[in-house]
Amino acid sequence: MPVWLREHSWRQTLTAVYLSLPLRGARATAADIFCSERYLKVSVPPFLFEAILYAAIDDTNSTAKIGNGNIFFTLCKKEPAMWDSLTLGNAGKEKLQYLRENAVLKAQEKAKEETEAKKLAKQEHKKYALEATMKLEEAERKRIEDLKEKEREKVTKELELWKNQQKDAYKYKSVPKKGESHQETEPLKERKTKKPTKTRIPDEGTSKIRLKSTKGCHGSCSIFSPNLKAEQLPAPRAAATIRVNFTPRVFPTALRESRVAEEEEWLHKQAEAQRIINSDLSELEDLKEEEKNPDWLKDKGNRMFAMGNYLGAVNAYNLAVRLNDKLPLLYLNRAACHLKLRNLHKAIEDSSKALELLTPPVPDNENARVKGHVRRGTAFCQLELYAEGLQDYEAALKIDPKNKNIEKDAEKIRHLIQEPMQSS
Amino acid sequence: SAAAGLERPQVVSHVQQALSYTVFDCKWVPRSARLLCLGSAARGTGLVQLYELHGARLELLREIEKPKPIKCGTFGATSLQHRYLATGDFDGNLNIWNLEAPEIPVYSVKGHKEIINSIDGVGGLGIGEGAPEIVTGSRDGTVKVWDPRQNDTPVANMEPVQGESKRDCWTVAFGNAYNQEERVVCAGYDNGDIKLFDLKTMSLRWETNIKNGVCSVEFDRKDINMNKLVATSLEGKFHVFDMRTQHPTKGFASVSEKAQKSTIWQVRHLPQNRDIFMTSGGSGSLHLWKYEYPALRSKKDSEGSEMGVAGSVCLLQNVTLSTQPISSLDWSPDKKGLCVCGAFDQTVRILIVTKLNKI
């Protein structure tokens with residue numbers, strides 16, 4: 001509970017009120033002063049001073065000086081008049097309360113207004129600063145533009161001059177003879193007149209004249225008459241051919257178009273696959289040397305397939321796979337055998353395995369991938385799984401859109417899919 | 001720093017001309033303020049337009065239409081008196097035209113089975129010595145050298161070995177023509193091969209591969225002992241080879257620079273200063289470069305053979321003129337800094353590069 005501070009002294013003039021509040025030992029720095037037009041409150045813990053002023057004051061211009069153990073207020077009166085007393089006496093509690101609240105509200109409004117005004121002022125300053133910098137930059141830019149323009153004009157003038165020179169040189173070229181003769185006749189006349197007075201000079205004069213005429217023509221004529229050179233030209237070269245080789249690349253696409261990373265990966269994979277040998281088979285020792293080579297076995301399988309010996313081909317491929325399970329072509333070809341043998345599930349398995357091994361998809365393994373998709377698609381269709389079959393055919397078409405057979409087969413499958421739906 | 005920037009050469013755009021056809025090549029007519037635009041009209045015919053520079057605009061003096069679209073042209077092998085234009089077209093025909101009477105070509109041969117991508121001429125215009133010759137490089141994988149005095153058969157034919165799959169030849173250039181006998185042809189292919197053919201010994205003198213397709217090759221000067229060769233490629237890279245010292249195994253030393261992300265379509269050296277060159281890019285930009293020589297141009301390797309030392313390249317200026325590739329570029333041989341470029345936005349632009357004297 002704060003202690004009301006009752007002791008205060010004041011005096012007034014017509015325009016101001018001087019109020020002095022003693023701070024009895026309280027710390028002046030902790031003084032909290034709240035002032036509005038009619039209301040003054042000072043809180044200096046533990047003291048509290050409150051006054052409802054007799055008349056309105058201009059609180060923005062009023063001051064408070066804190067020091068020397070008291071607070072000295074200089075309150076400017078709004079209306080110059082003598083006050084009967086500092087505070088409004090006979091004020092009821094409610095009125096006091098009301099006035100207090102009013103004062104607080106007013107103070108808040110004022111604070112708000114002040115911040116608003118500050119903001120606006122700041123914005124104005126910013127704008128101004130921005131405009132000023134923009135002007136400076138504009139000026140700089142204009143200066144550079146002007147310099148450039150001047151340069152342009154200068155250069156254009158020079159160009160015109162040069163052009164005219166060219167024109168003149170051109171004209172001069174077409175009438176060299178006339179000019180020459182003209183030059184010669186005039187000095188001759190001079191020579192004749194000079195003859196009686198000086199005898200040696202005419203000779204010099206003529207030689208000079210001749211020099212002049214050749215010099216005058218030299219600038220333009222010599223470059224226009226390289227006829228002398230024509231006689232010195234060598235005969236056409238003896239015809240010959242030079243054969244060239246071009247730098248090879250595995251994939252004949254320019255660096256920009258090739259998918260180098262993927263292609264390298266594919267090549268690497270192929271190389272790796274070639275080197276794998278599954279050596280943990282005890283039966284291997286029984287095999288002949290050539291039978292241990294997956295490629296030889298693959299060729300054998302191919303030959304048997306061609307002759308119609310599908311079981312034999314499958315055996316050959318099986319052995320090859322046991323030796324090296326990373327060669328996609330083995331699975332591909334075995335899938336073809338299984339199709340012929342109507343081992344449809346096995347055909348699907350093998351085609352899938354082959355397609356798995358044929359990643360990443362690059363132009364080099366396009367053919368193999370097409371075959372893989374077609375064989376798997378065929379197997380699906382023969383199992384009456386037409387939707388899956390169509391998927392594979394469409395994948396094949398995507399790789400090789402120009403293949404008519406695949407297109408026809410895909411169409412057939414589509415019809416097959418639609419027919420049962422229509423009938424049911 | 002902006003002011004310092006102004007001390008560098010500036011590329012000033014002088015004139016812009018919209019064309020109603022695709023322009024593939026543009027060339028200044030020597031000793032004049034005229035230029036030629038070569039290309040393909042919408043209806044599939046070839047067009048040659050002759051313009052003259054008048055102040056701030058181009059005046060069309062003449063338009064010549066030919067049955068096949070024209071890909072490239074050169075004045076390199078013609079005399080200054082005649083100024084005949086040699087062209088390569090989409091059908092593989094090499095023709096030489098007298099622009100005063102263009103109805104019938106002065107020389108014509110069906111040199112290649114497919115489009116002639118690039119053409120160069122040497123021995124004309126009073127520059128250098130030796131016979132006038134034209135070289136053409138085609139998509140059929142061959143590079144052929146022609147002498148206008150010999151009909152029908154080329155004087156040199158660089159073709160793939162029997163059975164070898166062909167690669168498109170995208171660019172050709174003459175060089176080393178410093179006397180009557182010496183001459184080399186440099187050819188760039190779409191697989192990144194660069195081959196140097198010696199016409200005196202009729203042999204392959206050097207080859208290398210820069211991994212990306214070679215769009216343009218040019219020697220800094222055709223008529224001197226070969227000094228530098230610039231090769232530009234796809235993916236924004238170009239290589240500058242020092243051609244003065246050939247190592248028996250390592251070939252020529254080079255420095256490479258990646259200028260931008262897109263293809264560098266053309267490189268052209270300034271005729272008046274062989275160490276300055278401009279590259280044009282697929283993003284519609286032009287870059288002006290200067291080559292700086294190293295302190296010593298050659299050194300001995302561990303076995304005692306001479307090998308070249310490449311210098312460095314510094315960018316003088318760059319400017320973006322268009323959104324489409326600038327496919328052709330030509331400096332005027334008569335006015336330093338004046339150049340013409342043609343872009344795939346069907347516009348030909350005349351540019352002036354300033355302050356080249358101060359380099």
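The contact between the two chains, in what I should say straight away is a predicted model, draws 66 residues from chain B and 39 residues from chain A. The size of an interface is often given as the accessible area lost when the parts come together. Here, chain A and chain B bury about 4,600 Å² between them, and carbon and sulfur atoms account for 58% of that area.

Let me turn to the polar side of this interface. Between chain B and chain A there are 16 residue pairs in polar contact, counting pairs in which both residues have pLDDT 80 or more, and there are also 4 salt bridges across the interface. One of them joins E151(A) to K355(B), with 3.1 Å between the closest N and O atoms.

Which strands of chain B each supply at least two residues of the side that touches chain A? They are β1 (11–18), β4 (46–54), β13 (156–160), β16 (193–198) and β17 (203–209), and the largest share of that side comes from β13(B), which gives 5 residues. Taken by class, the side of chain B that touches chain A is made up of 22 nonpolar, 22 polar and 22 charged residues.

I would like to stay with β13(B) for a moment, since there the two chains are also linked through strand pairing. Strand β9 of chain A, residues 240–244, pairs with β13(B) in the parallel sense, over 5 bridges; if you want to find this pairing in the structure, look at A240(A), whose bridge partner in β13(B) is A156(B).

Conventions. Residues are numbered from 1 along each chain as its sequence is written. Chains are lettered from A and ligands numbered from 1 in the order in which they are written. This is a predicted model: local features need pLDDT of at least 70, side-chain atom pairs count only at pLDDT 80 or more; totals for chains, interfaces and linings use all residues. Side-chain values use heavy atoms; hydrogens and water are left out. Contact means heavy atoms within 4.5 Å. Buried area is the accessible area (1.4 Å probe) that two parts lose on being put together, summed over both. A salt bridge is a side-chain nitrogen of Lys or Arg within 4 Å of a carboxyl oxygen of Asp or Glu. A polar contact is a pair of N or O atoms within 3.5 Å; within protein, one must be able to donate a hydrogen and the other to accept it, and residues adjacent in sequence count only if both atoms are side-chain atoms. Helices (H or I, at least four residues) and strands (E, at least two) are DSSP runs, numbered from the N terminus. Ala, Val, Leu, Ile, Met, Phe, Trp, Tyr, Cys and Pro count as nonpolar, Asp, Glu, Lys and Arg as charged, and the others, Gly among them, as polar. Two strands pair if DSSP finds at least two bridges between them.
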